[in-house]
Amino acid sequence: MTRLRPHISLLLLLLILALLPFLVGLLDGQSPASMLAGEAGRSKFIQGLMIEIFILAIYAVSYDLILGVAGILSFGHAMFFAVGAYATGILLKSAGWSLGPTLIAVVGLGLAQAILFGVVLARVSGITFALVTLGLAYVFDILIKTRELGEYTGGDVGLQGIPRPDFLNPSDERLRFYYLMLVFAALVYLLYRRFVDSPTGRVCIAARENEERARMLGFNTILFKFVALTMASISAALAGMAYALFQPIVSPEVAGLGFTVEGLLMVLMGGIGALSGPMLGAALFKFMDFYFNKWFGESASFMVGAIYVLIVLFLPYGLVGTWRMRRRDMLAGWEELLERWRKMMG
Amino acid sequence: MSSFRTHRAQWIILAALALLFLLAAQGMSTRDWLVTVLRGLSVAAVTFLVASGFSIIFGLMDVLNLAHGALFMLGAYVGWTAYVRPDTVIDLATPVLLFLAGFALSPALTLGLSRIPARLRERRAFAWGLLAAALLVLYLALPHAPMAAWHPGEYTDSPIVWTQTFEAERVAELAQPAVAEVPAWLVWSGILLGGLLLAASLIAFNMQRRPPVAVASAALRRGLFLFLALLTVALLIYGFNTPLTAFMLSLSSNWLFLFAIVMAVITGVGLGGLMESTLIRPLYERALYQIMLTFGLAFIGTEIVRAVWGRSGFTMPKPELFAGRGEGCPATSIGGWLQHHCSTIVIEIAGEKARIRTYNELFLIVMGVLVLVVVWLILQRTRLGMIIRAGVQDSEMVEALGIDVRRVFTLVFALGVGLAALGGVLAAPATGLSDAMGAHVLLTALIALAIGGLTSYPGAAVGSLIVGLMQQFIIKYGQIGIQLPFMDEPFKPTPPLVPASTVLLMVVVLLLMPQGLFGRRE
Amino acid sequence: MPAPILSLQSIHTFIGRFHILEGVSLDAPEGSITALLGRNGAGKTTTLKSILGLTPPSQGKILFNGEEIQGRRPYEIAALGIGYVPEHRAIFRDLSVYENLKIAERKKGDLERKADFIFGLFPDLKRLIHLSGANLSGGQQQMLAVARALVPDNELLLIDEPSEGLAPVIIEQMMEAIKALSAKTTVLLVEQNFLVASTLAEHYVIIEEGRTVKRGLMADLIHDEAAIHRYLGAA
């Protein structure tokens, strides 16, 4: 029982998310049978939104593993995602592969990227590494937009018409897609948690500022960073694959610097280094993006930028980070408030 | 050891330049080669204006100012506005100066606030209340400031275009009386009050962190003097708004261009100082957040430009000195240009005619070299330069010598941003204005710096040179094609490959020499 | 005993989360050399940095000429007349010897006024005046670091490990110079080499794990072999 306790909130969250499509459906008076049949309705819309959030959450948490956990400043994270998305699209559409081999290929490409970045990391670090990753991602961004590769990548327009296997059709089998993504996101989180809480993980995180010391204690920080990079790269590529399968079009925007900035914003909003934070941040970002576009139209991006700056200045540890630091004070404050109410009531 | 490093760097530069010469020999005529080199130098000059400030800021205070490109763009847009509609600047001068006058009274406000009982002063609500009051007053007052409104889309109706198309009589129409539904004195006092309240709230926020210190009477007197001076100038400009506008509109575009440069630099310096002292300073201890902050500011800067000037770009007419097309043009020598103010000079090389644009390919290069020399002299010959060079290595030691490093930081940041704004307004007539120009120039400057070494001043110059030349040569080869080994057809690089190739060069240089060509290993 | 020009009263300093100083008290009597002693990691360098405000103390008082200076910005503290010769010298590599001295001026012409005194102490520097800081040897850098602190009118010098990593001949030269300048300026000296410290200083303060554990006259400490052994290891 005690071993389960820290996981209770997680289990509860998973349960709520698992029931969410039905809850939304019930509120709208939609019968479970029609929902299982994948008929249109608010539940389906919410499922779609949540699938996008799960994909973004994996993207954000993988970025956090590099930035917040391994302490590597990288500006090329959009490439990790886009490689998965474009590889899936090209392999399924132009090469005519089936889903299984494509999956293996995407994992392989994720590994290859991690090795590429790892080789770079072994040579340069800090700001220089950030610039190199920025550069590599930019080159990739340009390459997929070039005319020469337009036949495969769709150039500026994006990659359309990716054939999807029937059992994962995002329109007809959305509920299945939803559960698949939910399980995927949960697995990524648990795996990362495990990694971060491992003895090596703990020491390497504690010694981020002082690598020499960790190395002297006999912990291989380079290996730790490389493993973190590999895990992040593969999961981001898989998130990209899910994106390619779910969205009708792979937009070249996912390879751009803007998408990296959005990832940064998700990580910052939730709290850098707190794995659950960036996943929450991804959800917030998606909602913010959606409603701001609705309310403010053209000035939406200005609002996003302003919120970003305000978070950096006033909430540097993000929502989850701040919560963890102030939890005791906040809970005490709540109890005081409840106590006062109780007195007022009687 | 260090001499070996510099030598190696120079060898690599020589090799790179030699490569360019070699490429030039391949199917490119001497004329094409000369024009391409000049264009490369012109791009390098603009890049250098951004890169130099960026590198000095990064060297001295370790701030990777990713908003530098956005500030370059802001400089361009402000300069453009001052150039095509100088009357707007005059209209805006009064409210801006009044607003600043409030800040000039800071010492007196500090004194006043420290008299308030600490119990009240140290409440958070006090500072926030002041801030809210300031914003409210400004929100009420600012929209009523009398201004001649105009739409950016109709900028072709600007006096600059008129004087160039010899329709000078229409200039008079512009000096239209500004509309004012609210009495002017009320608006002006509102803006003044808003500035005062804002300054007071910032001081109150500061006092929560640090207990108030005694205010020197000299500072008090200086503040009061500055306040009165700003007040007087603001009201004078308001009083003489109409004759001033008429005067500005009667100026030739050369003078207006100079005016635009001054306005852009002032804006850049002001914004830079403000940014450093309010946003960057609290984050010196947290480098990662600083990068993210400037990243976000770059984003916001772009959005501000879009909100104020719209998304569609503009062209900026060149000043008369570089715009002549009439008699005697195109000139055949520099003397001919000076006489007729031609837009181009045509010279004959190896039997071919080379067209050189006087603004892009002469003026910009000269300005780049000028800034290079002036900044170098400042760095080498002045006390400020000495402090900067020392601070790049160890700013803590500089402070331990009794030098107020923080003030130097603000000053250098302001000047660095001023350089970027100067770059923006100088580039605008050559490249036009668009909301993407900031991100583009930032990337080019970053590449140049990564190649040259992030904190090295000569590195910034050489890096800009390499990037500029490389870019233009690749563009040229995109037009004429290049014969590569193992290829039957001449290879024509497509436009996107231009930035890609320079980025690749950066990646290669950084992987081979992580410190760049001139950087120093820490 | 003359009045202390500098007095630390139970200073506490944190660096990040680490509580480095947990109550350092010391007096530096005017016109003399006070040695700050202790083992590696006892907090000697942090004490000097706390005086200057480079690592601001969170508790306790620092009096300089009877004025409380804790909590002020480092440049303000330095400008009161405190010179700092840090560990590892911190010579500006990109500046020439002349510029390294010139930058320390607090008033225009300081260097010209002090030139004779400084070059009297360190004749070598005059010869090297146009060399860049990067090309100096360790001993020359140490001389320059001390000379730099002498350019403005400082009443107090904080000198951190002046003998570290220097050849014996140079150490002797350095000791003579410090002795000579202490005629005009009060010195607070951090020194690992007990021989050097005991030869130079009149007063001593020993700190251990961030606390002052013993202080008094050097003349007494020299004969207290038990204390030397206990606090400083082998003498």
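Let me start with the sheet in chain C of this predicted model, where four strands make an open sheet in the order S2-S1-S4-S5, with antiparallel pairing. Strand S2, residues 18-29, and strand S5, residues 67-68, stand at the edges of that sheet in chain C, and because each has a single partner strand, one side of each is left without a neighbour in the sheet. If you look at the S5 edge, strand S4 of chain C, residues 59-64, pairs with S5(C) in the antiparallel sense over two bridges, and C:Leu63 is the residue that stands opposite C:Glu68 in S5(C). Helix H1 of chain C, residues 44-52, packs on this sheet and touches strand S1 (4-15), S2 and S4 of chain C, with its direction making about 75° with that of S2(C).

Now to the contact between chains A and B, where 28 residues of chain B are in contact with 30 residues of chain A. On the chain B side, the elements that give two or more residues are helix H14 (287-309), helix H19 (437-452) and helix H21 (497-512) of chain B, and the largest share, eleven residues, comes from H14(B). By class, that side of chain B has 24 nonpolar, two polar and two charged residues.

Finally, a helix in chain A: H4, residues 77-93, has 17 residues that, at 1.5 Å a residue, should span 24 Å, and its end C-alpha atoms are 25 Å apart, which agrees. As for its surroundings, 16 of the 17 residues of H4(A) are buried, so this helix is largely enclosed by the rest of the structure.

Terms used. Residues are numbered from 1 along each chain as its sequence is written. Chains are lettered from A and ligands numbered from 1 in the order in which they are written. This is a predicted model: local features need pLDDT of at least 70, side-chain atom pairs count only at pLDDT 80 or more; totals for chains, interfaces and linings use all residues. The expected span of a helix is 1.5 Å times one less than its number of residues. A residue is buried if 20 or more other C-beta atoms lie within 10 Å of its own, exposed if 12 or fewer, and partly exposed in between; C-beta atoms are placed from the backbone. Two residues are in contact if their C-beta atoms, placed from the backbone, lie within 7 Å. Ala, Val, Leu, Ile, Met, Phe, Trp, Tyr, Cys and Pro count as nonpolar, Asp, Glu, Lys and Arg as charged, and the others, Gly among them, as polar. Two strands pair if DSSP finds at least two bridges between them. Axes are lines fitted to C-alpha atoms, for helices over the stretch in contact, and angles run from 0 to 180 degrees between N-to-C directions.
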